[in-house]
Amino acid sequence: DSVSVGEKVSIKKSVIGKHTTIGEKVKISNSVIMDHVTIRDGCNIQGCIICTNAYIKDNASLKDCQVGDSHTITEAADLKGEALTAEQIMDFE
């Protein structure tokens, strides 16, 4: 059930799931962060839903985004109003 939070982190009006790691100098507001999520240093997350096992790399900025299960956000990404999901291989046989 542990959550790891770095220094100089601001979390406002948000829900943080179990086994989540939040780096230093991160700002999270009006968001839902599900279980087993990693948010690296310097990220800014506003109005987002971050699903289980997502990985947000350093200095990413997300506003009004939905990040799907096990999806990785690249370093220094600047995204607004996006619905992001992990690549899935579909077999139509």
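These notebook entries record what I looked up in the structure.

**Entry 1. Overall form**

I noted at the outset that the model is predicted. I looked up the secondary structure and found 15 strands and zero helices in the protein. I then turned to the dimensions: the C-alpha trace spans about 50 × 30 × 20 Å along its principal axes. The radius of gyration is 13 Å, which agrees with the value near 12 Å that a compact globule of 93 residues would have. I looked up the surface as well: about 5,900 Å² is exposed, and carbon and sulfur atoms supply 45% of it. Of the 93 residues, 28% count as buried. For the contacts with a separation of 6 or more, I found that residues 24 or more positions apart account for 0%.

**Entry 2. The sheet**

I followed an open sheet of five strands, which runs in the order 3-6-9-12-15 with parallel pairing. Strand 3 and strand 15 (83–84) stand at the edges and have a single partner strand each, so one side of each is left without a neighbour in the sheet. I examined one pair within the sheet: strand 9 (residues 49–50) and strand 12 (residues 66–67) are joined in the parallel sense over two bridges.

**Entry 3. Ile50 and the core**

In the pair of strand 9 and strand 12, I found Ile50 opposite Val67. I listed the contacts of Ile50 beyond four places in sequence: Val32, Ile33, Met34, Val37, Ile56, Leu62 and Val67. I next looked up the largest nonpolar core, which has 20 residues. Ile50 is among the residues with the most contacts inside this core, together with Ile39, Ile56, Leu62 and Ile73.

**Entry 4. Thr20**

I located Thr20 in the loop between strand 3 (15–16) and strand 4 (21–22). Its relative accessibility is 1%, so Thr20 counts as buried, the cut-off being under 20%. I checked the side chain of Thr20 and found one of its polar atoms 3.1 Å from the backbone oxygen of Gly17. Leaving aside residues up to four places away in sequence, Thr20 touches Ser2, Val3, Ser4, Ile33, Met34, Asp35, His36 and Val37.

**Entry 5. Ile11**

I placed Ile11 in strand 2 (residues 10–12). With a relative accessible area of 36%, Ile11 is partly exposed. Beyond four places in sequence, I found Ile11 in contact with Ile16, Ile22 and Ile28. I also looked up its separation from Val26, which lies 15 residues away along the chain: the C-alpha atoms of Ile11 and Val26 are 8.2 Å apart.

Note on methods
Residues are numbered from 1 along each chain as its sequence is written. This is a predicted model: local features need pLDDT of at least 70, side-chain atom pairs count only at pLDDT 80 or more; totals for chains, interfaces and linings use all residues. Side-chain values use heavy atoms; hydrogens and water are left out. Helices (H or I, at least four residues) and strands (E, at least two) are DSSP runs, numbered from the N terminus. Buried means under 20% relative accessible area, exposed over 50%, partly exposed in between (1.4 Å probe, protein chains only). A polar contact is a pair of N or O atoms within 3.5 Å; within protein, one must be able to donate a hydrogen and the other to accept it, and residues adjacent in sequence count only if both atoms are side-chain atoms. Contact means heavy atoms within 4.5 Å. Two strands pair if DSSP finds at least two bridges between them. A nonpolar core is a set of buried Ala, Val, Leu, Ile, Met, Phe, Trp, Tyr and Cys residues joined through side-chain atoms within 4.5 Å. The radius of gyration is taken over C-alpha atoms; the globule rule is 2.2 Å times the number of residues to the power 0.38. Accessible areas come from the Shrake-Rupley method with a 1.4 Å probe; for residues, only the protein chains shown count as cover.
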